[in-house]
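Student: I should like a close look at a single part of the structure below, with the terms stated precisely.

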Amino acid sequence: MTVLSVRNLETFYGAIMALRGVSIDVTEGEIVTILGANGAGKSTLMKTIAGLMDPEKGSIELFGQSIAGLEPDRVVRAGVSLVPEGREVFPYLTVEENLKLGAYTRRDDPASDLELVYDYFPILKERRKQNAGYLSGGQQQMLAIGRGLMARPRLMMLDEPSLGLSPLLTQEIFGIIARLNAEQKVTMLLVEQNAHIALATAHTGYVLEMGRIVMGGPTEKLRASDDIQEFYLGKAEANERGQKRWKRRKTWR
């Protein structure tokens with residue numbers, strides 16, 4: 001079943017077109033990753049889906065219902081949870097207060113989900129009474145993901161979860177992301193510059209360049225692409241003299 005369907009999306013920053021006819025699909029139970037360099041439009045796509053930016057054209061549907069142009073709180077109530085770039089925790093609130101804020105749209109008791117978050121992130125339980133501003137970067141990222149889970153999202157969107165983290169912490173965070181998908185069946189849309197770990201974790205991927213989708217498909221197909229290997233995975237292509245061809249143009253094949 002298709003959870004999210006985006007068609008021909010156009011979003012502007014003032015007079016600058018940031019998204020140029022973007023179309024993607026997210027299937028229930030999958031992790032879908034968006035790859036792209038800085039300025040490609042990845043965060044703009046996430047913000048537009050989340051209601052933080054208004055699209056100029058195109059459609060955004062969640063389980064067949066339009067959410068394009070809705071206010072952010074209504075998008076959350078519809079079932080979309082955004083874990084933003086830079087984490088954006090509330091530093092003067094405790095860890096547990098931050099987590100409970102993630103459940104503000106719910107009418108039921110979130111206690112069971114709080115325990116679920118603590119099961120996946122034991123360090124948050126240890127520090128639940130501590131102000132979030134005193135957590136390390138990795139712990140704040142765990143808190144941001146946990147806060148997103150508290151909304152019981154039908155779709156969780158994660159914007160650059162490895163930003164500012166060490167390779168070891170990045171591996172730990174992505175291990176938990178994979179577990180949440182496998183064990184809790186959380187459907188995810190993932191924006192990530194670390195193409196190696198994104199392609200190893202996700203089921204499907206898209207490449208966004210200059211506001212356009214230039215390639216998409218199963219991650220196995222993307223990993224086999226010459227352009228992905230050279231421009232995103234760091235594989236050097238050599239000429240007859242064994243020197244890297246720095247100037248080769250992308251053909252998206």
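How many salt bridges does the rule find across the interface of domain 1 and domain 2?

Tutor: The model is predicted, so local features need pLDDT of at least 70 and side-chain atom pairs count only at pLDDT 80 or more, while totals for chains, interfaces and linings use all residues. Residues are numbered from 1 along each chain as its sequence is written, and side-chain values use heavy atoms, with hydrogens and water left out.

The rule finds zero salt bridges across the interface of domain 1 and domain 2, a salt bridge being a side-chain nitrogen of Lys or Arg within 4 Å of a carboxyl oxygen of Asp or Glu. The domain assignment (automatic or from a database) gives domain 1 as 1-79 + 153-252 and domain 2 as 88-152. Their centres, taken over C-alpha atoms, are separated by 25 Å. Domain 1 contributes 20 residues to the contact and domain 2 contributes 14 residues, where contact means heavy atoms within 4.5 Å. Between them the two domains bury about 1400 Å², 73% of it on carbon and sulfur atoms; this buried area is the accessible area (1.4 Å probe) that two parts lose on being put together, summed over both.
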